Amino acid sequence: MLSEQCYKKIDRELAKYPADQRQSAVMASLAHAQVELGWLSPETMKEIADYIGMPAIAVQEVATFYNMYNLKPIGKHKITVCTNLPCALSGGVKAGEHLKQKLGIDYRDTTDDGEFTLLEGECMGACGDAPVLLVNNHRMCSFMNNDKLDALVEELKK
């Protein structure tokens, strides 16, 4: 299921830890698999568990604990809007409402074309830059007014 290239990335993560602590690479391994596949199916989690040498349930516990892992198929672009109190008071709620209207979806939905999934997120540690959002867990966008939101959506569509 995972490519040879993905396994090479996992091997680099495993090499960072002693042989008896391979489970320490589970989060990075899940992240590499998710980048490749877009989400983590139960079969993917089992594959990682077998490769690392840990119980499948332990891998699933990690994947379900952290909200950065996608446990079902999502859009090509996952936009997570911080709606925690500081962001909410500084425009996060408005940013989320604008994106809902622009994309024609609600939180936890995906556009019909499969391009966008919109999520609410907890604190992203950038309260002074509110409102903030994450794109695909890797790109943080700050001070997001309606014009910046529109430009972001158009950029991601390309």
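Let me begin with a term: a residue is called buried when its relative accessible area is under 20%. By that cut-off Q34, with a relative accessible area of 10%, counts as buried, and I would like to use this residue as the way into the structure, which, I should say at once, is a predicted model.

First, the overall layout. The protein has six helices and five strands, and if you read along the sequence, these elements follow the pattern α-α-α-α-β-α-β-β-β-β-α. Taken along the principal axes, the C-alpha atoms fill a box of roughly 50 × 35 × 25 Å. There are 158 residues in the protein, and 41% of them count as buried. As for how the chain contacts itself, if we take the contacts between residues at least 6 apart in sequence, 59% of them join residues at least 24 apart.

Now back to Q34, which sits in helix α2. Leaving out residues up to four places away in sequence, Q34 touches W39, L40, M68, Y69, N70 and N137, and I would ask you to keep N70 and N137 from that list in mind. For a sense of distance within the fold, Q34 and Y7 are 27 residues apart in sequence, and their C-alpha atoms are 12 Å apart in space.

The partner I want to follow is N70, which is placed in the loop between α4, residues 56–65, and β1, residues 77–82. Is N70 buried or exposed? With a relative accessible area of 7%, N70 is buried, because the cut-off for that class is under 20%. Two polar approaches involve this asparagine: a polar atom of the Q34 side chain lies 2.5 Å from the backbone nitrogen of N70, while the side chain of N70 makes a polar contact, at 2.8 Å, with the side chain of K78. Beyond four places in sequence, the residues that N70 touches are Q34, G38, W39, L40 and K78, and W39 and L40 are also among the residues touched by Q34.

Both of these partners lead us to pockets, and I will take the one at Q34 before the one at K78. The second largest pocket holds about 290 Å³ of space and is lined by 14 residues, of which Q34, V35, N136, N137 and H138 lie nearest its centre. Helix α2, residues 26–37, supplies the largest share of that lining, namely three residues. In character, the lining residues divide into five nonpolar, seven polar and two charged.

The largest pocket, in turn, has a volume of about 460 Å³, and 21 residues line it, with N67, K78, T80, L119 and E120 lying nearest its centre. The elements that give two or more residues to this lining are β1 and β3, and β3 gives the most, with four residues. Here the division is ten nonpolar, six polar and five charged.

That brings me to the annotated site. Which residues does the UniProt annotation "binding site" cover? According to that record, which is an unreviewed entry, the annotation covers C82, C87, C123 and C127. These four cysteines are spread over 46 residues of sequence, and yet they cluster in space, with a largest C-alpha distance of 9.2 Å. Of these residues, the lining of the largest pocket includes C123.

It is worth setting two of these cysteines side by side. C87 is found in helix α5, residues 85–103, and at 2% relative accessibility this cysteine counts as buried. C123 is found in the loop between β3, residues 116–121, and β4, residues 133–135, and at 46% relative accessibility C123 counts as partly exposed, because that class takes in the values between the 20% and 50% cut-offs.

Their surroundings, again without residues up to four places away in sequence, can be listed briefly. C87 touches C82, G92, V93, A130, P131 and V132, whereas C123 touches C82 and N84. C82, itself covered by the annotation, therefore appears in the contact lists of both C87 and C123, where contact means heavy atoms within 4.5 Å.

To close, the two threads are these: N70 is in polar contact with K78, a residue among those nearest the centre of the largest pocket, and C123 from the annotated group belongs to the lining of that pocket.

Terms used:
Residues numbered from 1 in each chain as written. Predicted model: local features only at pLDDT ≥ 70, side-chain atom pairs only at ≥ 80, totals over all residues. Heavy atoms only, no water. Buried < 20%, exposed > 50% of the residue type's maximum accessible area, 1.4 Å probe, protein only. Polar contact = N/O pair within 3.5 Å; in protein donor to acceptor, adjacent residues only side chain to side chain. UniProt positions renumbered as here; feature names shortened; annotations may be inferred. 1 Å grid on protein atoms, 1.4 Å probe; cavity = no way out; pocket = protein on both sides within 12 Å on 5 of 7 lines; lining within 4 Å. Points joined across faces, edges and corners; volume = space filled by probe spheres on them. Nonpolar A, V, L, I, M, F, W, Y, C, P; charged D, E, K, R; others polar.
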